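Please open the structure in your viewer and keep the sequence beside it, so that each selection can be made by residue number. The tour below moves from one stop to the next.

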Amino acid sequence: MTPSQGFLAEIKDAVTTRAALLVLGVLVLQLAFITSYIGAFHHPKPSEIPIAVAAPAAQVAERSAQQLGALPGDPLDPRVVEGEAAALAQVRNRDVDGALIIDPAGRTDRLLVASGAGASLSQALEEVVGAAERAQGRTVRVTDVAPAAKGDSRGLSSFYLVIGWCVGGYLCAAILAISAGARPANPHRAVIRLGALLVYAIAAGLLGAVIAGPVLDALPGSIMGLWGLGTLVVFAVGAITLAFQGLAGVIGIGLAILLVVVLGNPSAGGAYPYPLLPPFWSTIGPALPPGAGTYAARSITYFNGNGAGGPMLVLSAWALVGAAVTLACATLRHDRPSVAAATD
């Protein structure tokens with residue numbers, strides 16, 4: 001054997017075809033990560049931000065709403081409400097992201113914002129509405145009706161908490177699926193893995209809520225509410241990972257990372273809430289675990305849970321589908337040998 005043949009043989013022995021394909025998959029995942037994050041964040045632009053408009057006279061409110069709705073680029077989605085109390089209620093219920101209270105007797109109007117829903121969103125509202133008011137020869141006074149806590153810089157702590165829960169969910173599931181001695185799941189083993197994941201999710205949800213709340217004083221919301229949310233986020237992401245692993249083996253873990261990290265994180269509305277994201281990311285964000293978790297965490301923390309119902313249903317659906325697919329894959333794999341034997 002020549003030296004060159006020996007070296008080529010060593011390469012073939014060291015790097016199998018399967019390993020080469022997995023490395024290629026990692027490269028694709030890496031490039032998708034870069035594309036997704038830069039694509040979502042490189043040019044934030046307000047688009048149809050829901051805003052309530054109120055004035056003592058309905059005609060004044062309607063005229064102002066029409067002017068705001070006609071702004072170039074459609075940065076706002078104004079809707080007329082009856083009075084300041086109704087406008088404030090809509091902000092606190094998360095029906096809108098801000099409210100403009102018109103004072104026809106003066107030259108200064110009030111803008112209600114909620115930085116707890118994301119500082120970048122409230123700042124975008126201030127800039128867009130402020131410019132529109134100046135164009136009309138008026139000024140605006142900003143009131144933050146749901147301010148982010150002192151320890152919650154730019155309202156991002158909820159996002160980072162949920163991302164931490166997501167990381168724990170897919171790492172725990174990956175370890176359960178591919179740790180030393182772990183064989184392909186049969187129905188009993190699948191149930192055990194899901195049970196172990198649930199125990200982990202309960203512990204991770206509680207500890208995350210305690211760290212973000214009492215320990216770091218970042219999130220002032222209900223510990224019990226955040227605990228429940230964290231348990232659901234961790235279990236949902238873990239169940240998705242086990243389901244993908246059941247469908248595609250070790251490649252399924254990469255698919256889970258693609259869904260949760262590559263697509264889910266930049267579309268979660270963390271650094272830039274949905275109205276500031278490009279259409280693709282703002283559309284998929286609410287349907288994925290990081291986005292649903294971030295929105296629900298902010299609702300629990302700053303809005304007394306208002307608006308959290310929909311995201312909690314999204315997370316519950318992921319958890320149920322993930323668990324069902326995991327059990328179905330284990331059952332089908334377990335039944336296959338007996339079916340093959342019966343046909344011999």
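Begin by selecting M312, which touches L229, L232 and A296 when residues up to four places away in sequence are not counted. As you look, bear in mind that this is a predicted model. M312 has its place in helix α12, which covers residues 309-343. If you now add L229 to the selection and show C-alpha atoms, you will find those of M312 and L229 separated by 7.6 Å, although the two residues are 83 residues apart along the chain. Is M312 buried, partly exposed or exposed? M312 counts as partly exposed because its relative accessible area is 24%, and partly exposed is the range between under 20% for buried and over 50% for exposed.

For the second stop, select helix α2, residues 17-41, and pick out I38, which lies in this helix. With a relative accessibility of 52%, I38 counts as exposed, because the cut-off for that class is over 50%. Now extend the selection to L21, L24, L27, V28, L31, F33 and I34, which together with I38 form a nonpolar patch on the surface. The accessible area of this patch, taken over its residues together, is about 730 Å².

The third stop is a set of strands, and a cartoon display will suit it well. Select strand β3, residues 98-101, and strand β4, residues 108-113, which pair in the antiparallel sense over 4 bridges. Between β3 and β4 the chain passes through a hairpin of 6 residues. To see one of the paired positions, select I101 together with R110, its bridge partner in β4.

Keep β4 in view and add strand β5, residues 139-144. How do β4 and β5 run, and how many bridges join them? The strands β4 and β5 run parallel, and 6 bridges join them. Two positions are worth selecting here: L112, whose bridge partner in β5 is T143, and V113, which stands opposite D144 in β5.

Finally, add helix α5, residues 119-135, to the view, where β4, α5 and β5 can be followed as a right-handed β-α-β unit.

Definitions and conventions
Residues numbered from 1 in each chain as written. Predicted model: local features only at pLDDT ≥ 70, side-chain atom pairs only at ≥ 80, totals over all residues. Heavy atoms only, no water. Patch = residues over 30% accessible without salt bridge, like charges linked within 9 Å, V, L, I, M, F, W, Y side chains within 5 Å. Areas by Shrake-Rupley, 256 points an atom, 1.4 Å probe, with all protein chains shown as cover. Salt bridge = Lys/Arg side-chain N within 4 Å of Asp/Glu carboxyl O. Buried < 20%, exposed > 50% of the residue type's maximum accessible area, 1.4 Å probe, protein only. Pairing = 2+ DSSP bridges. Right-handed = clockwise from strand over helix to strand, strands pointing away. Contact = heavy atoms within 4.5 Å.
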